[in-house]
Amino acid sequence: MDYTIETATADDAEEILALTRICGAETDNLSYGEEGIPVSAWQERDYIESVLKSDKDVFLVVRAGQDIVGTANYSSFPRRRMAHRGEFGLCIRKSAWGQGIGHALMEKILDFAKNNARSEIVSLEVRSDNERAIKLYQDFGFKKIGTFEGYFKIDGKLVDFDIMELKL
């Protein structure tokens with residue numbers, strides 16, 4: 001699959017929200033389900049515009065042809081005592097798994113975190129049973145620093161998450 005990674009624009013808002021509904025229906029690894037992220041297109045546009053004005057945050061889209069098949073966002077913590085840290089999220093539709101997109105997004109996100117946001121620590125939470133994602137993060141040097149038991153509750157079942165970090 002040929003793809004490009006670009007900075008998201010406000011014009012991508014509706015398609016990004018549609019992608020969250022697709023990804024949310026395809027996996028239970030995300031903080032949302034088939035309903036996607038509960039914001040309006042205007043709220044998403046405003047969010048993207050605020051990220052575009054920031055030198056500490058970034059929002060990327062992955063395009064295969066004209067379609068967005070993945071996203072990644074990096075956010076630094078705004079409070080002074082936490083400003084040395086940031087976190088990120090990835091969303092890739094299942095039909096694009098196994099194409100190297102996750103790896104390419106990680107390279108771009110971590111480069112941004114280190115060289116633009118000037119972060120010292122990047123953290124994340126990942127389902128403890130999501131071996132594919134954990135392997136990706138370990139390949140980039142992330143280390144497990146703990147487990148949050150019952151981080152999600154899906155269909156009445158508590159789901160544990162690993163807390164991982166990378167010191168840049």
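Which exposed residues does the face of H4 turned away from its buried side carry? In this predicted model, that face of H4 carries Glu-131 and Arg-132, and the views below begin with this helix before turning to the largest pocket and to two loops.

**View 1. Helix H4 and its buried side.** Helix H4 spans residues 131-139, and within this helix Ala-133, Ile-134, Leu-136 and Tyr-137 are buried. These four residues lie on the same side of H4, because they cover an arc of only 160 degrees around the axis. The general geometry of an α-helix, with 3.6 residues a turn, is such that residues three or four places apart point the same way. The exposed residues Glu-131 and Arg-132 are found on the face of H4 that is turned away from the buried side.

**View 2. What covers H4, and the residue that follows the helix.** The buried residues of H4 are covered by elements that include strand E4 (85-92), helix H3 (101-115), strand E5 (121-127) and strand E7 (157-167). Just after H4 comes Gly-141, whose phi is positive, at about 100 degrees.

**View 3. The largest pocket.** The volume of the largest pocket is about 1300 Å³. Its lining is made up of 45 residues, of which Leu-30, Gly-89, Leu-90, Cys-91 and Tyr-137 are the closest to the centre; Tyr-137 is also one of the buried residues of H4. Sorted by class, the lining of the largest pocket comprises 22 nonpolar, 15 polar and eight charged residues.

**View 4. Elements that line the largest pocket.** At least two residues of the lining come from each of helix H1 (13-26), helix H2 (41-52), strand E3 (67-76), E4, H3, E5, H4 and strand E6 (143-154). Strand E4 gives the most to this lining, with six residues, and E4 is also among the elements that cover the buried residues of H4.

**View 5. Arg-118 in the loop between H3 and E5.** Arg-118 is placed in the loop that runs between H3 and E5, and its phi is near 60 degrees, a positive value in a residue other than glycine. With a relative accessibility of 56%, Arg-118 counts as exposed, because the cut-off for that class is over 50%.

**View 6. Asp-155 in the loop between E6 and E7.** The loop between E6 and E7 holds Asp-155, a residue other than glycine that has a positive phi, near 50 degrees. Asp-155 counts as exposed at 77% relative accessibility.

Key
Residues numbered from 1 in each chain as written. Predicted model: local features only at pLDDT ≥ 70, side-chain atom pairs only at ≥ 80, totals over all residues. Heavy atoms only, no water. Buried < 20%, exposed > 50% of the residue type's maximum accessible area, 1.4 Å probe, protein only. Arc of directions from axis to C-beta. Contact = heavy atoms within 4.5 Å. 1 Å grid on protein atoms, 1.4 Å probe; cavity = no way out; pocket = protein on both sides within 12 Å on 5 of 7 lines; lining within 4 Å. Points joined across faces, edges and corners; volume = space filled by probe spheres on them. Nonpolar A, V, L, I, M, F, W, Y, C, P; charged D, E, K, R; others polar.
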